[in-house]
Amino acid sequence: MNTVIIGGGFAGINLAKELSNQKGVQVTLVDKNNYNFFPPLIYQVATAFLEPSSISYPFRKLFAGKKNIQFRLGELVKVVPSENKIILHNGELSYDHLVFATGAETSYFGMENVKKNAIPMKTLNDAIEMRNTILKNLEKAAICKDIRKRRKLLTIVVAGGGPTGVEVSGMFAEMRKSIFQKEYPELGTTASNIYLVDGGPALLAPMSKESQKDTLEALTSLGVMVQLNTQVVDYVDDTVFLSNGETIQTKNLIWAAGVSAKIFDGIPTESYGRGKRMATDAFNKVNGTDNIYAIGDTCIQLTDTDFPNGHPQVAQVAIQQGLNLAENFKLLIRNKPMVPFKYNDKGSMAIIGKNKAVVDLPKPKLHFKGFFAWAIWLFIHLVSLITYRNRIKTFFNWMIAYFAKDQSLRMIIRPDKAKSKTSSEPTC
């Protein structure tokens, strides 16, 4: 069985690993990057508390020694279901089973100015760009004599009150208190406001009311100005326009407000559901296809009675769907019936700052906050990293940050555009 997996995130990597060394299965994993990375921690790369290698790992090194798994660096251009093949930007691949595990991309809700000027928070590249932008603006503020321009360079607006928005806001608030004043004495007493804007009535909408209340109180105590029931509607000339008529002058709009799946050439239009997600049956097979599957954020499955409107786009759903599909492929080889997917909700959590976090557990229904929740968050995210090397490096950096209240990773590292070639793609 020749299985091609598009995307090496939580869903794709767990499917591939579970099928490793499986007799009768040949796996090819295709990704536009040559590495896997851990999205829940990209905000710590963006704020220079972790280096990129702490949360990423090369696919080829990960699959070394796995005789039935191959990696292909490439971007999907088109699917040709009638011929059981896909067309990449650098070649073609045939398949018996095709699996989409392409995740989701940043959605700007049609706002072109926001798309052009805001800082997204979805990929490792986004995190590095954000780190460079924030650090460069701090350096500009340090030599800026105009108080209004300086305040604009220091003000940060975070759009989106989900886990990413909450976590990055809390991190910047901690940095303002423990780092900025110490390392940038030139800034003196200049205000560096941090705004968190969300269109809903509460932060962390999917979590419990206790977590929402605790999060709001914790962020407010850190000095973050939270605006609920408010949306960013435009971003022009360093001005953020809000739905309540207010404006904020800033050079730093961080976009963590929404995601959308992707549409692929060759997949029937009727196979897509809400949010451009591929609609699947109980076994993750894409509706209207014979041998094409979708798992993780890129799919919507309405057959789980506990989640009639589809599963949340979170890591645990992607991981469990990847593992379930792997078991179903093994059953197919033995000509046995497949098992429908059933999501086991293990809870949700978010970190706010040092010794501040919230955790909700569904069974039994429990809520934790403060240091204990913070320790749970650290442990879960540490063990979820893909290799022991990632875990050790991340733990080491966290310990330094905890006891020193600082990190030494704030370097502005970027390619020399004048010397870079138009394309760094491998050629043959």
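**Close-up 1. Helices α5 and α6 pack against each other in this predicted model.** Here we look at α5, residues 124–143, and α6, residues 147–154. Their axes sit 9 Å apart and make an angle of about 160°. That angle makes the two helices roughly antiparallel, because anything over 145 degrees counts that way. As for handedness, α5 and α6 cross in the left-handed sense.

**Close-up 2. Helix α1 meets helix α9.** The partner of α1 in this view is α9, which covers residues 315–333. The two axes come within 7 Å and cross at roughly 30°. With the limit for roughly parallel set at under 35 degrees, α1 and α9 are therefore roughly parallel to each other. The crossing of α1 and α9 is right-handed. Keep α1 in mind for the next view, since Phe10 lies in this helix.

**Close-up 3. Phe10 and Phe38 make an edge-to-face pair.** Twelve aromatic pairs turn up in the structure, and the rings of Phe10 and Phe38 form an edge-to-face one, with 5.5 Å between their centres and 85° between their planes. The plane angle settles the label: over 60 degrees counts as edge-to-face, so 85° qualifies. Phe10 belongs to α1 (residues 10–18), while Phe38 sits in the loop between β3 (35–37) and α2 (42–46). The pair thus links distant parts of the chain, 28 residues apart. Are these two rings buried or exposed? Phe10 counts as buried at 19% relative accessibility, because the cut-off is under 20%. Phe38 is buried too, with a relative accessible area of 6%. For a sense of scale, the C-alpha atom of Phe10 is separated by 31 Å from that of Tyr195, which is 185 residues away along the chain.

**Close-up 4. Tyr108 stacks with Trp255.** This aromatic pair has its centres 6.0 Å apart and an angle of 25° between the planes. Which parts of the chain does the pair tie together? Tyr108 comes from the loop between β10 (105–106) and α4 (112–117), and Trp255 from strand β18, so the pair connects parts 147 residues apart in sequence. Tyr108 is buried at 12% relative accessible area, and Trp255 counts as buried at 3%. Trp255 also has a job in the sheet of the next view, as the bridge partner of Pro120.

**Close-up 5. Five parallel-paired strands build an open sheet.** Reading across, the order is β11-β18-β12-β13-β14. β11 (119–120) and β14 (225–227) are the edge strands, each with a single partner, so one side of each has no neighbour in the sheet. At the β11 edge, the partner is β18, residues 252–255, and the two strands pair in the parallel sense over two bridges. Follow Pro120 across to β18 and you arrive at Trp255.

**Close-up 6. Strands β6, β7 and β8 are joined by two hairpins.** β6 (residues 76–80) and β7 (residues 85–88) run antiparallel, with four bridges between them. Val79 stands opposite Ile86 of β7. Four residues lie between the strands of this hairpin, and Asn84 takes a positive phi near 50°. On we go to β8 (residues 91–94), which runs antiparallel to β7 and is joined to it by four bridges. In this pairing, Ile87 faces Glu92 of β8. The hairpin from β7 to β8 makes its connection through two residues.

**Close-up 7. β23 and β24 form an antiparallel hairpin.** Five bridges join β23, residues 348–353, to β24, residues 356–361. Which residue of β24 stands opposite Ser348? It's Asp360. Two residues lie between the strands, and Asn355 takes a positive phi near 65°.

**Close-up 8. Two more views feature aromatic rings.** In one, Phe59, Phe63 and Phe71 come together as one aromatic cluster. In the other, Arg391 lies over the face of Tyr388, 4.8 Å from the ring centre.

Note on methods
Residues numbered from 1 in each chain as written. Predicted model: local features only at pLDDT ≥ 70, side-chain atom pairs only at ≥ 80, totals over all residues. Heavy atoms only, no water. Pairing = 2+ DSSP bridges. Phe/Tyr/Trp six-rings, centres within 6.5 Å; stacked < 30°, edge-to-face > 60°. Buried < 20%, exposed > 50% of the residue type's maximum accessible area, 1.4 Å probe, protein only. Lys NZ or Arg CZ within 6 Å of the ring centre and 35° of its normal. Axes fitted to C-alpha atoms, helices over the stretch in contact; angles between N-to-C directions. Parallel < 35°, antiparallel > 145°, perpendicular 65-115°, else oblique. Left-handed = near helix turned anticlockwise from the far one by under 90°.
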